[in-house]
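Student: I would like to learn how to read the features of a model. Where should we begin?

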Amino acid sequence: MDRFFGISNQGSSYRVETVAGTTTFLAMAYILFVRTRRTHATARSYRSLFSALTAH
């Protein structure tokens, strides 16, 4: 796997990459699901809130 991704060539480790991936996943889950549900309680359209929170 290291040969394919070149993790050690980039000066990283599997542990660092796993923590970074988990952190990114949890942040996206919070933004997409928790935050959208909380703002949905304000009686706004779910689609417009989802679009607003995911658009950059």
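**Reading the model**

Tutor: Start at the surface, where Met 28, Tyr 30, Ile 31, Phe 33 and Val 34 make a nonpolar patch of about 450 Å². Patches are made of residues with over 30% relative accessible area and no salt bridge; like charges are joined within 9 Å, nonpolar side chains (Val, Leu, Ile, Met, Phe, Trp, Tyr) within 5 Å. A salt bridge is a side-chain nitrogen of Lys or Arg within 4 Å of a carboxyl oxygen of Asp or Glu. This is a predicted model: local features need pLDDT of at least 70, side-chain atom pairs count only at pLDDT 80 or more, and totals for chains, interfaces and linings use all residues. Residues are numbered from 1 along each chain as its sequence is written, and side-chain values use heavy atoms, with hydrogens and water left out.

Student: Which helix holds Tyr 30?

Tutor: Helices (H or I, at least four residues) and strands (E, at least two) are DSSP runs, numbered from the N terminus. Tyr 30 lies in helix α2 (residues 14-40). The chain has three helices and zero strands.

Student: Is Tyr 30 buried or exposed?

Tutor: Buried means under 20% relative accessible area, exposed over 50%, partly exposed in between (1.4 Å probe, protein chains only). Tyr 30 is partly exposed, at 38%. Buried residues make up 11% of the 56 residues in the chain.

Student: What does the side chain of Thr 22 reach?

Tutor: The backbone oxygen of Thr 18, at 2.9 Å. Thr 22 is also in helix α2 and is partly exposed, with a relative accessible area of 42%.

Student: How many aromatic pairs does the structure hold?

Tutor: Rings of Phe, Tyr and Trp (its six-membered ring) pair if their centres lie within 6.5 Å; planes under 30 degrees apart count as stacked, over 60 as edge-to-face and the rest as tilted. The structure holds one such pair. Phe 4 and Phe 5 are edge-to-face, 4.8 Å centre to centre with 85° between the planes. Phe 4 is exposed at 69% relative accessible area, and Phe 5 is exposed at 53%.

Student: Which element has the lowest mean pLDDT?

Tutor: pLDDT is the predictor's confidence in each residue, from 0 to 100. Helix α3 (residues 46-54) has the lowest mean, 70, and helix α1 (residues 2-5) the highest, 86.

Technical notes
Areas by Shrake-Rupley, 256 points an atom, 1.4 Å probe, with all protein chains shown as cover. Polar contact = N/O pair within 3.5 Å; in protein donor to acceptor, adjacent residues only side chain to side chain.
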